[in-house]
Each structure stands twice: as structure tokens, then as C-alpha cells.
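Student: I have a structure here and some terms attached to it. Can we go through what earns each term its use?

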Amino acid sequence: MTSSPITPAAATAATTSPASAGSTSTAGSAGASATAGPADVTRTLTLPDDLAPVALLGARDEVLRAVERGFPDVSVHVRGTTVTVTGAAARVDVVVVLLSELIDVARAGTPLTADAVDRAISLLDASARPADILTDEVLTTHGRSIRPKSLGQKAYTDAIENSTITFGIGPAGTGKTYLAMAKAVDALARKQVSRIILTRPAVEAGENLGFLPGTLTDKIDPYLRPLYDALHDMLDAEALPQLIAAGTIEVAPLAYMRGRTLNDAFIILDEAQNTSPEQMKMFLTRLGFGSKMVITGDVSQIDLPGGRPSGLRVVRRILDGLEDISFCELTAADVVRHRLVGQIVDAYARYDAEHAEPAGRPGPAPHRREGSHRRTPSEYRDRNRP
């Protein structure tokens, strides 16, 4: 990792001195030690008076241990409100910046965890300020704040704020739908829109749900359940049924959007990779005055039958470059689920790249029994004629 040009703002570099050869510095709670070389330097940071050390170090020093794992060649020692960092000058500079940014994050009220440290290190690698991203509040609900956790997520929420139509394209776990829902609830709370409309294609049933048991609502519900789950996370349990009954929040399959003009609404189309080009055009032309649209999808998980083209794949070639329309690409680096999810996404991407059919190469011919041939309509009529 290279040193970032970011200047520490919250902590004070009190001392900078060469470390004598053979001296050691014990790293906080882990009890690890490192032998300082002749070229090593020692720098100290003093924590602000309004920040308790536990807010920076984390429960059972988990934040400090995460810093040590990220920089095994640097020794970090904490005593009271003083943090001492020893190691090669370039590496110590980065740790000082990292600790300073984490202090700013903690002072903003964002809880620090080992995962937050890992994300902060990745952001420094991208020459971004972790405090600018990890403290950007999208929505506060049920006593907790929803914030972007990566550079890609920050760009995505900014695009939703600034564009009328935003496409969020990326793998599972990148927060595409959840952040869009948070922005929708925030816009409703601030009275920027008067209603929220959430829709999905019920593609698994081919938009024909008749074979499922139960009422029409029972048939549709399994496909829309993820949207309800996100709403339950962001709204009070007793408020949600009232908002749905009043029409302030509408959750419906994509087929129900045809023929409508949606004014003064925040509209989210989820699982858009399972729309046809015709359905995508139909949906986008529902946009009315005072409305905002977010379209989310993962083009690596298309479930359309019969090899039909995905509307999400086609739409970028058609609309890319139009004013007030943003396309945001999220990647495995933006996955906020279990760390293995990002690794799984990367592994599948590598596998798909290695096994992709060369352009123009035909696939295998379908197997057909010897002597069989495809009957024409006239042959069927002749066969069934008395």
C-alpha cells in the first residue's frame, strides 16, 4: 500500500523520532512485538479529549487488532490517550492517517468494528477519505444509521441523489436494493416525493402466476418478499401496513406498471436483469413529473427463459450518455455481506471468464434421436385428421 496524501485532522502528531536499533514496541492488546530497525521512526498520536479510548480501540480491542493485522510490519502501542506507532516511515505515515480517519469516524458517532477498519484501509488504497464515506448518513432508523460502506456505494448513493434515473448494476450483497430503499424512505420522510413504488418482474413464473396456490396476493408475495423485508428494516412495524393501505407505499409486480404514469414518486425496479428489452422500455416510460427512478440488477444472474435478451444488458447501449441518467457499476469490493460472498463473486467471475464461449462460435447442437425430424404444422393436422 502506498502512502495517501490525506492529512490527519482529528489526532495530533506529537512526536516524530528515529527508533533505536533493537528497541521493541508492544502492540496494544495483542501483545505482539516487533524489532525496530535503524531506519524506523516512532510517531505518537494524542486522542481528542471528547473521545474515549474504547471508542477507537473497539470492544476487546478488536479495532486495534484489525489495524495490526492490516499492518503486521508496524508496531502500535496504546497507553491512556496516547498511541505510539513504530516502523518504516512510509508505513507509519499510512497508519497515522488511518488512525486519524478512524478517530473522525468514531467522533461522528459511527461504531468502529474490524470490518470498518478493513474497509477504511481499502479506501485509503483508493486515495479516498474513509471519514467522508463511512460517516455519510443516508437514513437513520430504529436507532441506527444506514451509510455507504465502500467507494462504489458512496458513488451510487450520490448518483441517486443527483440523477433522475439511476442504474445500480452489480453482484449480490453490494447493497443495490437496500441503499435505494433507504434513499426512497428518506425522500418520503423529507417530503421530496409523496409515495414509494417498488416493483419486480415475477419472471420465475413467467409473469403467469396461475399455477401457484392461493389468492392473487399469495401468488405474488414470494417474489416481492425481499422488498417487504427491507421496508420492515426501515419503518416501524405498525406504520408499514398503514402506509401500504393508504397507497403511500406500493409493492407490485412489474406487469402492473403497464399503462400508468407515475408522478411525484420514488420508483424502484429490482431484479431488472430479468426484464425483457420491451419491459424495460415500458417501465422507463412510466416516469412522470417530480419522480425519481432507481433500477437495480445483477447481469450475472439472469433467469429469463429461452435465452431471451436481458433488458438491463440492452438498456445501457441505448441510454448511456443521456443527461440526468447515471449508470453505477458495483463490484465484489462493494459486497457488505459475509467476507466469503465477495470471494465467491470473484471466483464465479473468473470461472465465467475462463469458460466463456468464443465470439461467433456456435454452441452444441441439440440431441435428436436417429431418424427423427421436426414435424411441420401440416403433418400434425394430417396425423390428427380422421
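**Cavity, pockets and sheet**

Tutor: Leu 56, Leu 57, Val 63, Leu 64, Val 67, Val 78, Val 83 and Leu 99 line the largest cavity. Keep in mind that the model is predicted.

Student: What makes this space a cavity and not a pocket?

Tutor: A cavity is a set of points where a 1.4 Å probe fits but cannot get out, whereas a pocket is an open set. The space lined by Leu 56 and the others is therefore classed as a cavity because the probe has no way out. About 50 Å³ lies in the largest cavity, and a search of the whole structure finds one cavity of 30 Å³ or more.

Student: Why is the lining of the largest cavity called nonpolar, by class?

Tutor: Leu and Val both count as nonpolar. The lining holds eight nonpolar, no polar and no charged residues. Helix H1 (53–57) and helix H2 (62–70) each supply at least two of the lining residues, and H2 gives the largest share, three residues.

Student: How many residues line the largest pocket, and which are closest to its centre?

Tutor: The largest pocket holds about 1000 Å³ of space. It is lined by 39 residues, and Gly 173, Thr 174, Gly 175, Tyr 178 and Val 336 are the closest to its centre. Helix H4 (114–125), strand E8 (144–146), helix H7 (176–189), helix H8 (216–234) and strand E13 (292–297) each give two or more residues to the lining.

Student: How do you know which class Gly 173 and Tyr 178 fall into?

Tutor: Gly counts as polar and Tyr as nonpolar, so Gly 173 is polar and Tyr 178 is nonpolar in this scheme. The whole lining of the largest pocket has 13 nonpolar, 12 polar and 14 charged residues.

Student: What is the volume of the second largest pocket?

Tutor: About 430 Å³. Arg 119, Ser 122, Ala 332, Ala 333 and Val 335 are the closest to its centre among 20 lining residues. H4 provides the largest share of that lining, five residues. By class the lining divides into six nonpolar, six polar and eight charged residues.

Student: Why are strand E11 (249–253) and strand E14 (325–329) called edge strands?

Tutor: Two strands pair if there are at least two bridges between them. E11 and E14 each pair on one side only, so they are the edges. The open sheet has six strands in the order E11-E10-E12-E13-E9-E14, with parallel pairing. The twist averages 15° from one strand to the next.

Student: How do you know that strand E10 (residues 195–200) pairs with strand E12 (residues 265–269)?

Tutor: The requirement is at least two bridges. Five bridges join E10 to E12, so the two strands count as paired. They run parallel, and the bridge partner of Thr 199 in E12 is Leu 269.

Student: What makes strand E4 (residues 41–46) and strand E6 (residues 82–87) a pair?

Tutor: Six bridges join E4 to E6, so the cut-off of at least two is met. These two strands run antiparallel, and Thr 42 has Thr 86 as its bridge partner in E6.

Student: Why is E4 called mostly covered?

Tutor: A residue is buried when its relative accessible area is under 20%. Five of the six residues of E4 are buried, so the strand is described as mostly covered. In the protein, buried residues make up 45% of the 386 residues.

How values were computed: Residues are numbered from 1 along each chain as its sequence is written. This is a predicted model: local features need pLDDT of at least 70, side-chain atom pairs count only at pLDDT 80 or more; totals for chains, interfaces and linings use all residues. Side-chain values use heavy atoms; hydrogens and water are left out. Buried means under 20% relative accessible area, exposed over 50%, partly exposed in between (1.4 Å probe, protein chains only). Helices (H or I, at least four residues) and strands (E, at least two) are DSSP runs, numbered from the N terminus. On a 1 Å grid over the protein atoms alone, a cavity is a set of points where a 1.4 Å probe fits but cannot get out, and a pocket is an open set with protein on both sides within 12 Å along at least five of seven lines; lining residues have an atom within 4 Å of a point. Grid points are joined across faces, edges and corners, and a volume is the space filled by probe spheres set on the points. Axes are lines fitted to C-alpha atoms, for helices over the stretch in contact, and angles run from 0 to 180 degrees between N-to-C directions.
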